[in-house]
Amino acid sequence: MPSPLPLVIVDAANVVGSVPDGWWRDRRGAAERLRDSLAPYAFDGLPGLPGPVDLVLVVEGRARDVAPVPGVRVEAAPGSGDDLIAELAAGAAAEPSPRPCVVVTADRELRRRVEAHGARCTGPRTVRPGA
């Protein structure tokens with residue numbers, strides 16, 4: 001049986017907020033633009049993590065109804081996006097065949113939480129060069 005793809009979880013609110021480009025005027029639109037820019041990473045991977053990867057964009061609040069696109073699964077957090085991200089990272093570590101997990105965020109507390117489950121963290125610039 002082939003091993004599962006590495007999991008890449010992107011903290012939409014944190015990554016969108018890393019560039020002051022007016023995202024606060026249209027949170028959903030900003031999340032959709034981020035989602036669209038992430039699609040190539042699902043196939044190409046990230047630095048140090050070759051593709052393909054299982055790429056998940058975690059959205060919350062006004063961006064909660066963003067739809068998925070090929071290569072990018074979208075998970076809407078019913079409450080805190082950070083809680084859902086930590087849950088997904090814990091799930092990757094606990095699967096019958098644990099798989100590598102990378103979380104894209106600059107949030108220090110979230111980094112601490114997911115690293116406790118063995119996830120590796122990287123900052124927004126990994127997927128948003130202008131951040």
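A salt bridge is defined here as a side-chain nitrogen of Lys or Arg lying within 4 Å of a carboxyl oxygen of Asp or Glu. Under this criterion, D54, R73, E75 and R99 are joined in a network of salt bridges, and the count comes to 9 salt bridges.

The model is predicted, so local features need pLDDT of at least 70 and side-chain atom pairs count only at pLDDT 80 or more, while totals for chains, interfaces and linings use all residues. Residues are numbered from 1 along each chain as its sequence is written, and side-chain values use heavy atoms, with hydrogens and water left out.

Within the network, D54 pairs with R73, their closest N and O atoms being 3.1 Å apart. Because D54 belongs to strand 4 (residues 54-59) and R73 to strand 5 (residues 72-76), this contact ties together parts that are 19 residues apart in sequence; helices (H or I, at least four residues) and strands (E, at least two) are DSSP runs numbered from the N terminus. D54 also forms a salt bridge with R99, at 3.2 Å from N to O. R99 sits in the loop between helix 3 (81-94) and strand 6 (101-104), so its pairing with D54 in strand 4 ties together parts 45 residues apart in sequence.

The two arginines differ in burial class, where buried means under 20% relative accessible area, exposed over 50%, and partly exposed in between (1.4 Å probe, protein chains only). R99 is buried at 15%, whereas R73 is partly exposed at 32%.

A further salt bridge joins R112 and E109, at 2.4 Å from N to O. Both residues lie in helix 4 (residues 108-115), 3 residues apart, about one turn of the helix. R112 is partly exposed at 48%, and E109 is partly exposed at 42%.
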